[in-house]
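Student: I'd like to go through this structure and ask you to justify the labels people put on it. Can we look at it together?
Tutor: Sure, put it up and ask away.

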Protein chains: 2
Amino acid sequence: MIESVPNLSEGRSEERISRIAFAVGGAGCRLLDIHSDRDHNRSVLTFVGEPDRIIDAVVALAGAAFEEIDIRTHRGVHPRIGSLDVVPLVPLFDSSMEDCIGLARSLGDEIALRYGVPVYLYGDAASSPERRELSSIRKGGLTGLASRISSPEWHPDFGPARLHPTAGAVAVGARGLLVAYNVLLDTEDIAIGRRIASAIREREGGLPGVKALAFYLESRRLVQVSMNLTDIDATPIPRAFSAVRKEAARYGVGVVESEIVGLVPRRALQGAGKEDLLCRRDPAELILEDRI
Amino acid sequence: MIESVPNLSEGRSEERISRIAFAVGGAGCRLLDIHSDRDHNRSVLTFVGEPDRIIDAVVALAGAAFEEIDIRTHRGVHPRIGSLDVVPLVPLFDSSMEDCIGLARSLGDEIALRYGVPVYLYGDAASSPERRELSSIRKGGLTGLASRISSPEWHPDFGPARLHPTAGAVAVGARGLLVAYNVLLDTEDIAIGRRIASAIREREGGLPGVKALAFYLESRRLVQVSMNLTDIDATPIPRAFSAVRKEAARYGVGVVESEIVGLVPRRALQGAGKEDLLCRRDPAELILEDRI
C-alpha cells in the first residue's frame, strides 16, 4: 500500500475542488482526508491504494486539476509551480521506497505524455542531488522555474522543456512520511515570522528535520509559521510547537493556534491533545493509522 | 439518459463536499455541475447517466452524505428535512417520466433499506396528491416532519416511520426540468422580500409556474428572493427577473444581482446575458445542452 498526498493549487472554490474529487473517485483509491486552505489557496488530498490504483487516481486528478485550475490566475501565499503542484508518494507497511521511486517515474512519464506538462522528480526519486529538495525546484515559484526550465541542468525529467501555459509544471516524488504543521502567531509582523522560521529550520541550525516558512494570512490578519517535520522521531509535533512558542516569546508574541495539515502518524503527536497544541480540530481525529 | 439534481444539506465545508463528491465519482455518472451556497448551507449537484448508474451514484451519495452531515447541527436559511434533502429525477431525451417514476421508487426503496432512513416520494412519483409538492413534505422543516411522521397519512413511502437521528429523511421524486433562480435585493428588510415572493408566486396569483421564498443572507447582509421556475416556457428567466425587479421597485428597492443554481435549458434564458440579468457568472456557461 502506498500513500499519496497531492497538493493542488486551489483552496477556495468548493465547486472546483469537488469536481476534482469527483474525477478521482472512480480510480479505486481510498481518500482519507482533504485539507483546503484559503490563504495558501491550496488543497492537500491524502489517499492510499495499490500502486496501479495510485497511478490511475493521480492521472485522473492531474486531468481534472489541469482542466479546473489556471495557474496564471492563481493567487495564494504558498509557493507553487503548477495547478497540480506536487505529488509525494510515501511507502506504507509492505511497500518500499524503491517501489515509490519506480512509481514516481511511471507516474511522471504518464502525466507528461498524456497532458504535455513538464514533470520534475524530487525527493528519493530525484534524478540529481540538486533536485532532491522541493524548495530548489520551486525556487522563485513559477517565474523562477520559467527562467530556468530551458537551461540544460533544469530540463524536466519528463515532458517538454517549457511550462504548460495554464498548468505550469508538476513535481512528483518519493519520500518518507512527513508532517505538515502550521502555527499561527498573534502578530501581523511577517518579519517576526521570518525570524522564527529561520531560527527553527534545520538548515540554519534549528531543529532536526524541520523546514519552515512564514506567511501572512489575509483571512486571519496574522502571521503563520508553516512547517514540514521530516523527522518526527527527532522533532515530533509538540517539540515543534514549543520551539515556535519559545522563539515567538522572544518578540513578546503569543501563539493563537496550531493546525495539522492532512494526517499524521500517531507517534508524531506523543500524546499531545487539542489543548496542548491549541488546535481547533482534535488531533486524535487526524491519526493516519486510524484511517487506514 | 436521466438527470439527477440532489440537494445536500452542506454548503460550507469544502472538505465534506469534496469527500462526498469523491464517494460518488466511481459510480459511472457524469457530474455536470456543483453549486454550493454558504447561506443556504446547501449544495446542488447535477449529474446525468443511465438509470442503473443513477441508482448507484445516488446510493453512494446518500451513504457519504449520511456519514458526513449531521442534520441536528445543520444551520442554514433554506428549509430541509435531511442530510441528503431531496433527490429529483428528470427525464432527458429518450427517457420518460414513467422511467423516472420507476427509478424514484427503486431508489427510495434502496436508500431506506440500506441506511434505515425514511423516504418520501414526491412530484410525479408521489403516492398521494398531498405529497406531490415538496413544500408540503418539507412544511415546518425537520421539526414539522417529526411531528407528522408517525401519523398514518404521513407514513413514509419507504423505511421506518421515524426520522433518522442524524440523517433525518429524504424526498425522492420525478419531475420535469426546472430552473432554480435567485435574485438578490438591495435591502436588509426580509418583509419586503416576503411581499415580493408572495406577489410573484403562482399560488398567490403571480407568474405561471413560479415558486418563491425570501431569505436573509447573512454573508451579504441582503435579502434574496429564491425561485423555482417550473414552466420555463411561460416564465423564462428574464421574465422572472423583470417581475422581481418591478415588484422591488414598488418599495424603492433595487436588484443587486441574480444567480442561476445548477444548469438551465437554453430556452430558459431567451438570449439574456450576464449584463441583462446582473449575473456574476455568465449564464452562457450554464446551459444544460452544452454540458451533456
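Student: This is a predicted model. What makes the span of helix α3 of chain B agree with its 19 residues?
Tutor: Set the expected value against the model. At 1.5 Å a residue, α3(B), residues 97-115, should span 27 Å, and its end C-alpha atoms are 26 Å apart, so the two agree.

Student: Which residues of α3(B) are buried?
Tutor: Cys100(B), Leu103(B), Ala104(B), Leu107(B), Gly108(B), Ile111(B), Ala112(B) and Tyr115(B).

Student: How do you know that they are on the same side of α3(B)?
Tutor: From the arc. They cover only 155° around the axis, which puts them on the same side of α3(B).

Student: What do the buried residues of α3(B) pack against?
Tutor: The partners are β1 (2-4), α2 (51-68), β5 (84-91), β6 (119-123) and β7 (170-174) of chain B. Right after α3(B) comes Gly116(B), with a positive phi near 65°.

Student: What makes the phi of Asn41(B) worth pointing out?
Tutor: Most residues other than glycine have a negative phi. Asn41(B) is not glycine, yet its phi is positive, near 50°. You'll find Asn41(B) in the loop between β3 and β4 (42-49) of chain B.

Student: Why is Asn41(B) called buried?
Tutor: The cut-off is 20 or more other C-beta atoms within 10 Å. Asn41(B) has 20 C-beta neighbours inside 10 Å, so Asn41(B) counts as buried.

Student: And what about Asn41(A), where is that one?
Tutor: Asn41(A) sits in the loop between β3 and β4 of chain A. Its phi is positive too, about 50°, although Asn41(A) is not a glycine. With 20 C-beta neighbours inside 10 Å, Asn41(A) counts as buried.

Student: How many residues does each chain bring to the contact between chain B and chain A?
Tutor: 15 from chain B and 15 from chain A. On the chain B side, α1 (14-25) and β3 (30-37) each supply at least two residues. α1(B) gives the most to that side, with 10 residues. By class, the chain B side that touches chain A has 7 nonpolar, 5 polar and 3 charged residues.

Student: Let's turn to chain A as a whole. What makes its radius of gyration agree with a compact globule?
Tutor: For 292 residues, a compact globule would have a radius of gyration near 19 Å; chain A has 18 Å, which agrees. The C-alpha trace of chain A spans about 50 × 40 × 40 Å along its principal axes. Buried residues account for 52% of the 292 residues in chain A. The secondary structure of chain A comes to 9 helices and 11 strands.

Student: Where are the domains of chain A?
Tutor: Domain 1 is 2-174 and domain 2 is 179-291. Their C-alpha centres lie 24 Å apart. Between them, 9 residues of domain 1 are in contact with 9 residues of domain 2. On the domain 1 side, β3 (30-37) and β4 (42-49) of chain A each give two or more residues, and β3(A) gives the most, with 3 residues. That side of domain 1 has 4 nonpolar, 2 polar and 3 charged residues.

Student: Which residues of α7(A) are buried?
Tutor: Ile237(A), Ala240(A), Phe241(A), Ala243(A), Val244(A), Glu247(A) and Ala248(A).

Student: How do you know that they lie on the same side of α7(A)?
Tutor: They cover an arc of only 165° around the axis, which puts them on the same side of α7(A). What covers the buried residues of α7(A) includes β8 (179-185), α6 (190-200) and β9 (210-217) of chain A, among others. As for length, α7(A), residues 237-249, has 13 residues and reaches 18 Å from its first C-alpha to its last, close to the 18 Å expected.

Student: Why is Ala248(A) called buried?
Tutor: Same test: 20 or more other C-beta atoms within 10 Å. Ala248(A) has 23 C-beta neighbours inside 10 Å, so Ala248(A) counts as buried. Leaving aside neighbours within four places in sequence, Ala248(A) is in contact with Leu185(A), Ile196(A), Val253(A), Gly254(A) and Val255(A).

Notes. Residues are numbered from 1 along each chain as its sequence is written. Chains are lettered from A and ligands numbered from 1 in the order in which they are written. This is a predicted model: local features need pLDDT of at least 70, side-chain atom pairs count only at pLDDT 80 or more; totals for chains, interfaces and linings use all residues. Helices (H or I, at least four residues) and strands (E, at least two) are DSSP runs, numbered from the N terminus. The radius of gyration is taken over C-alpha atoms; the globule rule is 2.2 Å times the number of residues to the power 0.38. A residue is buried if 20 or more other C-beta atoms lie within 10 Å of its own, exposed if 12 or fewer, and partly exposed in between; C-beta atoms are placed from the backbone. Domain bounds come from an automatic or database domain assignment. Two residues are in contact if their C-beta atoms, placed from the backbone, lie within 7 Å. Ala, Val, Leu, Ile, Met, Phe, Trp, Tyr, Cys and Pro count as nonpolar, Asp, Glu, Lys and Arg as charged, and the others, Gly among them, as polar. The expected span of a helix is 1.5 Å times one less than its number of residues. The arc is that of the directions from the helix axis to the C-beta atoms.
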